[in-house]
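Hi everyone, thanks for making time. I'd like to walk you through a structure that's new to most of us, so let's bring it up on the screen.

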Amino acid sequence: MTPWFPNGQVAQTRCAVVIGAGIAGASVARSLAERGFAVQVLERHAHPAQEASGNPAGIVLPVLSRTGNALSHLTQLGMRYAQQRMSALMQHDARVAWQPSGVLRLARNPRHAAQQEKIAAQANFPPDFARWVDAIEASALVGVPVEQPGWWFAGGGSLCPPALVNALLHHEGIRLRTGVDVQSLHREADAWVLADALGQVVARCETVVLANADAALNLLPDTYAQSLPLAAIRGQISLVRQTDGAQDWMRLRAVACREGYVIPARDGQVCFGASFTHHAQGREPSEAEHIGNIERLQAIFPQADSLDVEQLGGRVSYRCATSDRLPMLGPLHDAPSFYERFARLHLGGTHQRYEVADVLPGLWLNVGHGARGLVWAGLLGEALACMISGEVSPLPQDLIHALHPARFDYRQLRTAPKHRKEWVVGMDMG
Ligand SMILES: Cc1cc2nc3c(=O)[nH]c(=O)nc-3n(C[C@H](O)[C@H](O)[C@H](O)COP(=O)(O)OP(=O)(O)OC[C@H]3O[C@@H](n4cnc5c(N)ncnc54)[C@H](O)[C@@H]3O)c2cc1C
């Protein structure tokens, strides 16, 4: 075992508490329940999926990279898992409304198009996964004229995130408890004790999963703010009603993206977006972000030229981003002892010199899903359930390490002290 990426403690009893009923919490709860765990999901709102997972529509598409990096690999595995999971859930609950329409991702400019075309020729992706198409074919696939060539992801599509969350939570092994705002967490004997703002104990369990996005940091000692670099990045979607006088682009048949995205109508509304606003607060949609969304839309469909901000609906929520754009999944390491044990890591030496890092036993993290939670939350829920129950993971070892919550502390300690920098959490698309 790599000493700085410990495995975590396998659950001794088949019960677990998950904090947060978004797509991350619902996915891991479902995967645990399917393994026979009795799972309590604690959610502060009156209903699940009220925050990032609450948009009426979202898209599932992969990230491509020339080198096949971790982000790209994870989205490809995540997509395959999501397609199967959603098709299975749709057999019982049509409200999940998974529409495997395909996703078109347009080139940003001629130079970008030339680069991508080269990648397409070299990479030789299976055509049912990713294929480079010219503007004429792209227009035919989406059903609306577009002016650039782009990638066609035949297996991509769109879904209704709150419906998916509700379908996942609908399992006899899951008890959803809403209106429970967990404010503290401490360990007593072999269990974690969770309490609300009044100090009332709301749950006690050996296994606890923090799936509450950046609010997870509020439940941990302050030192974890450096160890787990998370930030909330505001995003606003825009919604327009597909009325009788709708313009042609509103009848698109497949998801189309460039810097932003447009999703075919659901319940009579076309959804497009989304803004990225760092260091912002508030939940009210803003006119400036609607205007930004209209610009992103027009970069895809230039003919979408007579939209009035007044006619748009909108929704604001916050992506929980990490400094390397990958989620944090796995056991929570004991940060103070980690710093002591690996203090000399920057001086080199092999891993045999070190004892395995300590973990906070039974405490697991599933956060930082950024702009891709709908793509990979299902797979990651399954992977985490495997770690907790001691089963073989569906993730390859390199991805388990790439997602490990201890990776940021490991990277700091491997760097000479004078070159260490504070993490910067940013993001560029979603
Ligand atoms: C505008 C926008 C558009 C997006 N579009 C896409 C897209 O098209 N495709 C895609 O893949 N991804 C998209 N994303 C990203 C995706 O929505 C997120 O990655 C995903 O929803 C994150 O899920 P989550 O469960 O981690 O977080 P959340 O959905 O935020 O869930 C966390 C939950 O924890 C609860 N909670 C927090 N603290 C506590 C506490 N102390 N006690 C109890 N409960 C607590 C919260 O109330 C919340 O319900 C988009 C995000 C935004 C903002």
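**Starting from the first strands**

Strand β1 runs parallel to strand β2 (residues 38-43), and 5 bridges join them. When I say strands pair, I mean that DSSP finds at least two bridges between them. And my strands and helices are DSSP runs, numbered from the N terminus: E for strands, at least two residues, and H or I for helices, at least four.

Before I go further, two bits of housekeeping. This is a predicted model, so local features need pLDDT of at least 70 and side-chain atom pairs count only at pLDDT 80 or more, while totals for chains, interfaces and linings use all residues. Residues are numbered from 1 along each chain as its sequence is written.

Okay, back to β1. To find the register with β2, look at valine 18: its bridge partner there is valine 41. β1 also pairs with strand β12 (residues 208-210), in the parallel sense, over 3 bridges. On that side, valine 17 has valine 208 as its bridge partner.

Is β1 buried or exposed? It's largely enclosed by the rest of the structure, because 4 of its 5 residues, in the stretch 15-19, are buried. Buried here means 20 or more other C-beta atoms within 10 Å of a residue's own; exposed means 12 or fewer, partly exposed is in between, and the C-beta atoms are placed from the backbone.

Now follow the chain through helix α1 (residues 23-33): β1, α1 and β2 make a right-handed β-α-β unit. Right-handed means that, with the strands pointing away from you, the path from the first strand over the helix to the second runs clockwise. The helix is mostly covered, with 11 of its 11 residues buried. Among them are Ile23, Val28, Arg30 and Leu32.

**Further along the pairing**

From β12 we can step on to strand β19: the two run parallel and 3 bridges join them. Here leucine 210 stands opposite leucine 365. β19 covers residues 359-367, and 7 of those 9 are buried, so this strand too is largely enclosed by the rest of the structure. It also has β18 as a partner, this time antiparallel, with 5 bridges. Methionine 328 stands opposite valine 367 in that pairing.

**Domains**

How is the chain divided up? The assignment gives domain 1 (15-53 + 163-229 + 323-419), domain 2 (103-154) and domain 3 (231-319). Those bounds come from an automatic or database domain assignment.

The centres of domains 2 and 3 are 22 Å apart, taken over C-alpha atoms. Between them, 11 residues of domain 2 are in contact with 13 of domain 3, where contact means C-beta atoms, placed from the backbone, within 7 Å. On the domain 2 side, β4 (103-106) and α4 (135-142) each give two or more residues, and β4 gives the most, with 4.

**Around the ligand**

Which residues come closest to the ligand? Of the 42 that surround it, the closest are Gly20, Gly22, Gly235, Gly373 and Leu374. To be in that shell, a residue needs its C-beta atom, placed from the backbone, within 6 Å of the ligand. At least three residues come from each of domain 1 and domain 3. Elements giving two or more include our old friends α1 and β2, along with α9 (373-389). The largest share, 4 residues, comes from β17.

By type, the shell divides into 20 nonpolar, 16 polar and 6 charged residues. For that count, Ala, Val, Leu, Ile, Met, Phe, Trp, Tyr, Cys and Pro are nonpolar, Asp, Glu, Lys and Arg are charged, and the others, Gly among them, are polar.

**A few backbone oddities**

Most residues other than glycine have a negative phi, and most peptide bonds are trans. So here are the exceptions I'd point at. The peptide bond from glycine 273 to alanine 274 is cis, with omega near -10 degrees. Alanine 274 sits in the loop between β16 (269-273) and α7 (287-300).

Asparagine 124 has a positive phi of about 55 degrees. You'll find it in the loop between α3 (110-123) and β5 (131-133). It counts as exposed because 7 other C-beta atoms lie within 10 Å. Aspartate 267, in the loop between β15 (261-266) and β16, has a positive phi near 50 degrees. That residue is exposed as well, with 11 other C-beta atoms within 10 Å.

Notes: Two residues are in contact if their C-beta atoms, placed from the backbone, lie within 7 Å.
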